[in-house]
Amino acid sequence: MRLAFPEQPRLDCPPVDAVPLNLNCRDEIIPILRALQHVYARTGWRDELLQLIGKDVNPDSSADRGREGLSYWAILVLAAVRLGCNFDYDKLQDLAEQHRRLRQMMGIGDWDEQTEFDWRRIRDNLCLVRPPTLEKINQLIVAAGHELAPTAIEAVRGDTFVVETNIHYPTESTLIEDGLGEVVTRAAALATAHGLLGWRQHEHLLQNLKEIVRQIGRTARAKSQGADRLKPGYQRLLTLAEDLLQRARALLRTLRFRAKGEGIDWLGEGLTGRARSCGIICS
């Protein structure tokens with residue numbers, strides 16, 4: 001048996017739209033509860049939201065039979081708090097048992113000692129609400145917000161924050177190394193497959209490339225050598241990159257010329273696409 005929302009008033013619990021909230025509190029749960037109060041006070045919006053939840057919770061069964069379960073309104077409150085505050089089910093269980101205002105928002109009074117919550121019970125009820133229903137609920141809430149503050153959409157507030165990452169320094173040299181490594185590996189495979197010379201020492205070229213990048217990294221960590229300490233290393237790296245790209249372009253031209261001579265159209269297109277994916281500019 002399930003109810004849409006608690007209709008019978010309780011002496012130990014104020015109505016949902018009259019639950020006192022500390023609007024000066026900066027905790028993220030306060031705006032969510034206040035928004036739920038606004039929706040609850042609008043009968044049309046509230047009934048439409050609860051009907052959507054009821055169709056998911058009791059799709060084939062009667063809501064008037066069986067043991068008592070969470071009301072549709074309680075499911076909506078718990079789902080909004082979990083998604084809005086990014087809580088896990090354990091945190092949500094603790095709040096549902098200890099947070100007085102949250103319990104009052106669900107229609108649970110201070111004298112109610114029978115209503116218990118378990119994270120499995122919360123999870124099983126919230127998971128009954130399907131993603132399409134959540135999307136419809138979101139659209140209704142957004143429409144309610146636009147009606148309450150029509151001009152709010154004209155201004156957008158943004159914020160930035162620092163995120164710790166595992167990006168290694170210097171990034172430029174390692175990106176060049178990754179790109180050239182792909183070019184050399186693919187060029188050597190193509191040359192071997194078509195019986196062409198010039199790439200038999202590709203492993204030695206890759207070792208030289210890695211050594212240059214290692215030297216740049218060591219120089220970057222030694223900050224006592226001045227601001228221009230990285231220029232020689234990058235000059236060697238860019239010189240090697242230009243040489244390898246020229247050789248790759250020459251290989252590509254050779255293969256395209258051979259393919260045209262043999263009347264193969266797909267080979268030139270395939271090599272061109274593969275070379276572009278490696279960073280080779282075809283001429």
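Q37 touches V16, D17, A18, V19, L21 and M105, leaving aside residues up to four places away in sequence. The residue is found in helix α1. Q37 has a relative accessible area of 4%. Buried means under 20%, so Q37 counts as buried. All of this is read from a predicted model.

**Two arginines**

R46 is found in helix α2, which spans residues 43–57. R46 touches F5, V39, Y40 and W73, again not counting residues up to four places away in sequence. Is R46 buried or exposed? R46 is buried, with a relative accessible area of 10%.

R121 is found in helix α6. R121 has 28% relative accessibility and counts as partly exposed. The contacts of R121 are G69, L70 and E116, with residues up to four places away in sequence not counted. R121 and Y89 are 32 residues apart in sequence. In space, R121 and Y89 are 9.5 Å apart, C-alpha to C-alpha.

The table sets the three residues side by side.

| Residue | Helix | Relative accessible area | Class |
|---|---|---|---|
| Q37 | α1 | 4% | buried |
| R46 | α2 | 10% | buried |
| R121 | α6 | 28% | partly exposed |

**Helix α3 against helix α6**

Helix α6 covers residues 119–126, and helix α3 covers residues 72–85. How do the axes of α3 and α6 cross? The two axes come within 10 Å and cross at roughly 95 degrees. That makes α3 roughly perpendicular to α6, because angles of 65 to 115 degrees fall in that class.

On the α3 side, the contact is made by I75, L78, A79 and R82. On the α6 side, I122, N125 and L126 meet them. By class, the residues of this contact are five nonpolar, one polar and one charged.

**Pockets**

The largest pocket has a volume of about 480 Å³. The pocket is lined by 21 residues. Which of these are the closest to its centre? They are E68, G107, I108, D112 and T115. The lining of the largest pocket divides into eight nonpolar, six polar and seven charged residues.

The second largest pocket has a volume of about 300 Å³. Its lining holds 16 residues, and the closest to its centre are L76, A79, A80, I137 and I141. Three elements give two or more residues to this lining: α1 (29–41), α3 and α7 (131–148). Helix α3 gives the largest share, six residues. By class, the lining of the second largest pocket has 14 nonpolar, two polar and no charged residues.

A79 links two parts of this account. A79 in α3 belongs to the contact with α6. A79 is also among the residues closest to the centre of the second largest pocket.

**The chain as a whole**

What elements make up the chain? The chain has 11 helices and zero strands. From the N terminus on, the elements run α-α-α-α-α-α-α-α-α-α-α. The chain has 283 residues, and buried residues make up 37% of them. Among contacts in the chain with a separation of 6 or more, 69% are between residues 24 or more positions apart.

Methods: Residues numbered from 1 in each chain as written. Predicted model: local features only at pLDDT ≥ 70, side-chain atom pairs only at ≥ 80, totals over all residues. Heavy atoms only, no water. Axes fitted to C-alpha atoms, helices over the stretch in contact; angles between N-to-C directions. Parallel < 35°, antiparallel > 145°, perpendicular 65-115°, else oblique. Contact = heavy atoms within 4.5 Å. Nonpolar A, V, L, I, M, F, W, Y, C, P; charged D, E, K, R; others polar. 1 Å grid on protein atoms, 1.4 Å probe; cavity = no way out; pocket = protein on both sides within 12 Å on 5 of 7 lines; lining within 4 Å. Points joined across faces, edges and corners; volume = space filled by probe spheres on them. Buried < 20%, exposed > 50% of the residue type's maximum accessible area, 1.4 Å probe, protein only.
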